[in-house]
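Visitor: Could you walk me through reading a structure like this one, feature by feature?
Guide: Gladly; let us look at it together.

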Amino acid sequence: MNRSPARRKTVKKRMPFRHCKQRRGRRQITCPYCHAPAQLRPASSIYGIHTKDRTAKLYVCSRYPACDAYVQAHKATGLPMGTLADKSLRQKRMQAHRTFNQLWEKGFMRKQDAYAWLCVRLGIPEADAHIANFSEYRCDQVISLCKEFLNAQRKVKYNGSKQHRIDR
């Protein structure tokens, strides 16, 4: 497929990857912890028989298991879904996703509106609103903001549906 130079620049601008180096037309992903190169491997190399999707691929630090950093790859493009993460950051990102997803799964907002809300609250552009790229600090912010919103919605629902007894 022939792409014009202008199109190529647009694609590069839309897909910023920290810890990536351009080499012979391919990106070299490096581990943010030990700076070793990451390798594209089947998910079964990490999860073993517990792999949910046998076609899934992961970018894994070449020093694995000494360096426990990896991230899932997009099925269609093979590009990393975010930055490589160690166990504590992966757990924090999963917690941030679970909390954030409640905003749209419980019907408070549409998914697109939830991301727009998150961008405004975090003060970041929509292009940077990917939990898979967030640090532990940013994940903590997401969790806190979402819990604050969900608690406020519960109070509104509770106060609106219950009659209050006045003790004398």
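What follows is a short tour in questions and replies.

Visitor: What should I know about the model and its numbering before starting?
Guide: This is a predicted model, in which local features need pLDDT of at least 70 and side-chain atom pairs count only at pLDDT 80 or more, while totals for chains, interfaces and linings use all residues. Residues are numbered from 1 along each chain as its sequence is written, and side-chain values use heavy atoms, with hydrogens and water left out.

Visitor: How many helices and strands are in the chain?
Guide: Helices (H or I, at least four residues) and strands (E, at least two) are DSSP runs, numbered from the N terminus. Here the chain has 5 helices and 5 strands. Their order from the N terminus is α-β-β-β-α-β-β-α-α-α.

Visitor: What share of the residues of the chain count as buried?
Guide: Buried means under 20% relative accessible area, exposed over 50%, and partly exposed in between (1.4 Å probe, protein chains only). Of the 168 residues in this chain, 31% count as buried.

Visitor: And what about contacts between residues far along the sequence?
Guide: A contact means heavy atoms within 4.5 Å. Among contacts in the chain between residues at least 6 apart in sequence, 40% join residues at least 24 apart.

Visitor: In what order do the strands of the open sheet run?
Guide: Two strands pair if DSSP finds at least two bridges between them. In this model 3 strands form an open sheet in the order S3-S4-S5, with antiparallel pairing. Strand S3 (38-42) and strand S5 (70-72) are the edge strands, each pairing on one side only. Neighbouring strands of this sheet are turned by 25° against each other on average, direction ignored; the axes are lines fitted to C-alpha atoms, for helices over the stretch in contact, and angles run from 0 to 180 degrees between N-to-C directions.

Visitor: Which bridges hold the strands together?
Guide: S3 and S4 pair in the antiparallel sense over 5 bridges, and Ala38 has Cys61 in S4 as its bridge partner. On the other side, 3 bridges join strand S4 (residues 57-61) to S5, again antiparallel. There, Leu58 is partnered by Gln72 of S5, and Val60 by Tyr70 of S5.

Visitor: Why is S4 described as largely enclosed by the rest of the structure?
Guide: Because 4 of the 5 residues of S4 are buried.

Visitor: How do I check whether a helix has a regular length?
Guide: The expected span of a helix is 1.5 Å times one less than its number of residues. Helix H3 (residues 87-105) has 19 residues and should span 27 Å; its end C-alpha atoms are 26 Å apart, which agrees. For the 12 residues of helix H4 (residues 111-122), the expected span is 16 Å and the end C-alpha atoms are 16 Å apart, which agrees as well.

Visitor: Which residues of H4 are buried?
Guide: They are Ala114, Trp117, Leu118, Cys119 and Leu122. In H3, the buried residues include Leu89, Ala96, Phe100 and Leu103, along with charged-type names such as Arg90, Lys92 and Arg93.Just after H4, Gly123 takes a positive phi of about 70°, and H3 is followed by Gly107, whose phi is positive, near 85°.

Visitor: What should I make of backbone angles elsewhere?
Guide: Most residues other than glycine have a negative phi, and most peptide bonds are trans. His35 has a positive phi of about 65° although it is not a glycine. This residue lies in the loop between strand S2 (26-29) and S3, and His35 is exposed, with a relative accessible area of 59%. A cis peptide bond joins Tyr64 and Pro65, with omega about 10°; Pro65 sits in the loop between S4 and S5.

Visitor: How many disulfides does the structure hold?
Guide: A disulfide is a covalent bond between the sulfur atoms of two cysteines; the test used here is a pair of cysteine sulfur atoms within 2.5 Å. The structure holds 0 disulfides. Cys34 is in none, and the nearest cysteine sulfur, that of Cys61, is 3.4 Å away. Cys34 is partly exposed, at 24% relative accessible area, whereas Cys139 is buried, at 0%.

Visitor: Where is Thr51 placed?
Guide: Thr51 is in the loop between helix H2 (44-47) and S4, and at 10% relative accessibility Thr51 counts as buried. Its side chain reaches the backbone oxygen of Gly48 at 2.8 Å. Not counting residues up to four places away in sequence, Thr51 touches Ala43 and Ser44.

Note on methods. Polar contact = N/O pair within 3.5 Å; in protein donor to acceptor, adjacent residues only side chain to side chain.
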